[in-house]
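User: Please take a close look at one part of this chain for me. After that, put that part in the context of the rest.

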Amino acid sequence: MISFIASLVALVLGYFFYGRFVEKVFGPDDRPTPAIAKADGVDFMVLPSWKIFMIQFLNIAGTGPIFGAIMGAKFGPAAYLWIVLGCIFAGATHDYLSGMLSIRHGGADQPELIGHYLGKTTKQVMLVFSVFLLIMVGAVFVFSPAKILGDMWEPTFFVDNLGQYIFWIIIIFIYYLIATMLPIDKIIGKVYPLFAFSLLFMAAALMIMLFIKQPNIPEIWEGLSVPALTPKSIFPCLFITIACGAISGFHATQSPLMARCMKSEKQGRPIFYGAMITEGIVALIWATIAMYFFYDQPSPGYTMIEGGKEAVKDAPTIVNLICNDWLGVFGGILALLGVVAAPITSGDTALRSARLIIANFLKIEQRSIRRRLYVCIPMFAVVIALLIWQMADSETTELMKAQGVENYVSGFDKLWSWFGWSNQTLSVFMLWAITVYLVRNRKAYIITLIPAVFMTVVCTTFFVVEQAFNIEDQQLKSLLTIWVAVGASVVSVIWFLMWYFLKGKKIKE
């Protein structure tokens, strides 16, 4: 528990000291924000700062800092170091500067910002990359909560005539369509703060229970002596597994939504940097709970909870078990909000971001409902197609499991495994874009250069070693990891230095 307390203090201090330093580097001023200069009553409008913070927190969090932290805890106490250092020096810095750049560029979305600083070709690639990921998030976050709700209850008529989960899929899909189409203050501005509060309340209640129970869990200084509960290597897999809570490229697709609602640039640090630090605290709490569940002495937590060791493989089950066991009936309700409401809210803001990115690329104004439909109808058609494929793939997976094929990996699981890499790759491009901005404006670019190089190395190594090749020899795999990591770091640094001395120093925004 000493590591948990020290990490918690470090995150809070990081907000007040390093967050203030990053803010000073950027230099917010009193110029009119897009919420004022481009007010349209739909996506650009001034909202109260507390509400923007809550929406931003829920947009970037969802279940990410819960499920990712639980799975990341299988790597042992190294998870603490990544959450703290990643959140303060990479994630919160990435979120703050990407949000502030969006404000400075009239509420521009992520692909537009990346294109402005890294070139038109990169912009086109990132536009397709971002929209595909956002639509995939929307599709996944229809089916997964629908499956949870359907296992609890659904009308017999729908099950008998249309199939299982169809009722809840329709309900969630209708909500997505309405929330994506309506002005941001109508549903998102009213409902999201309540869901965000419930997630924060759940985290606070569980933190109190941690201090009451005082679990005997591994500390940071025990290091690699703590056996990992996963066959995957800490580098690079830990840095992909824990994204939300450390750094996540998805956040830069969400920050523009709130950049279009801020009255003053000076709200940026508490909203963007503060929301990320808050997410880091939530991830820290859940990583510690998972440590109790996996490692507590003399007996791991799973031995004392119904479900036992089998629940170790399933993050949502762990959330339900812990909340019900520690917080009773009320905890069960909060857990339900966590595993159902949070992904739904992440899904609809993902689709809203996709709508705005597509509309901006096609230059379709979004004031009128008719023009919003021009974008939404084909976009939702793609989501429906992904849903149909996902449901068919789910049935195939169940059939294979029923036939005793234990190692069968579903097509969607394979696709989703790429999402973790893709998400962090988004952060790589955004960090390099911010670095270019800082160089051009004679600012302390080192604050994003180091995270940009590190995440470039992580994503390159993960792609080559974990995704592209299936190497069973651990010695060969470790050797390849070292060579790819060193190569990626050398290439990225040399590439930056060449640009810096040949072009970067001569250009000013």
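What relative accessible area does Lys-363 have, and does that make Lys-363 exposed or buried?

Analyst: The model is predicted, so local features need pLDDT of at least 70 and side-chain atom pairs count only at pLDDT 80 or more, while totals for chains, interfaces and linings use all residues. Residues are numbered from 1 along each chain as its sequence is written, and side-chain values use heavy atoms, with hydrogens and water left out.

Lys-363 is exposed, because its relative accessible area is 74%. Here buried means under 20% relative accessible area, exposed over 50%, and partly exposed in between, with a 1.4 Å probe and protein chains only. Lys-363 sits in the loop between H14 and helix H15 (369-402); helices (H or I, at least four residues) and strands (E, at least two) are DSSP runs numbered from the N terminus. The phi angle of Lys-363 is positive, near 60 degrees, although the residue is not glycine.

Gln-214 also has a positive phi without being a glycine, at about 45 degrees. This residue is in the loop between H10 and H11. Gln-214 counts as partly exposed because its relative accessibility is 46%.

Gln-366 brings in a distant piece of the sequence: its C-alpha atom is 8.6 Å from that of Asp-40, with the two positions 326 residues apart along the chain. Asp-40 belongs to the loop between helix H2 (34-37) and helix H3 (49-61). With a relative accessible area of 17%, Asp-40 is buried. A polar atom of the Asp-40 side chain lies 2.9 Å from the backbone nitrogen of Val-42. A polar contact is a pair of N or O atoms within 3.5 Å; within protein, one must be able to donate a hydrogen and the other to accept it, and residues adjacent in sequence count only if both atoms are side-chain atoms.

Two cis peptide bonds can be added to the backbone description. One joins Phe-235 and Pro-236, with omega about 10 degrees, and Pro-236 lies in helix H11 (residues 234-241). Another joins Gln-297 and Pro-298, also with omega about 10 degrees. Pro-298 is in the loop between helix H13 (268-295) and helix H14 (315-362).

On the surface, Ile-5, Val-9, Val-12, Leu-13, Phe-16, Phe-17 and Phe-211 make a nonpolar patch of about 630 Å². Patches are made of residues with over 30% relative accessible area and no salt bridge, like charges being joined within 9 Å and nonpolar side chains (Val, Leu, Ile, Met, Phe, Trp, Tyr) within 5 Å. A salt bridge is a side-chain nitrogen of Lys or Arg within 4 Å of a carboxyl oxygen of Asp or Glu. Helix H1 (residues 2-26) gives the most to this patch, with 6 residues. Phe-211 lies in helix H10 (residues 188-213) and is partly exposed, at 34% relative accessible area.

Now the whole chain. It has 18 helices and 0 strands, and 58% of its 509 residues count as buried. The accessible surface is about 21,500 Å², with 68% belonging to carbon and sulfur atoms; such areas come from the Shrake-Rupley method with a 1.4 Å probe, and for residues only the protein chains shown count as cover. The C-alpha atoms fill a box of roughly 60 × 55 × 45 Å along the principal axes. The radius of gyration is 22 Å, which agrees with the value near 23 Å for a compact globule of 509 residues; it is taken over C-alpha atoms, and the globule rule is 2.2 Å times the number of residues to the power 0.38. Among contacts with a separation of 6 or more, 82% join residues 24 or more positions apart, where contact means heavy atoms within 4.5 Å.
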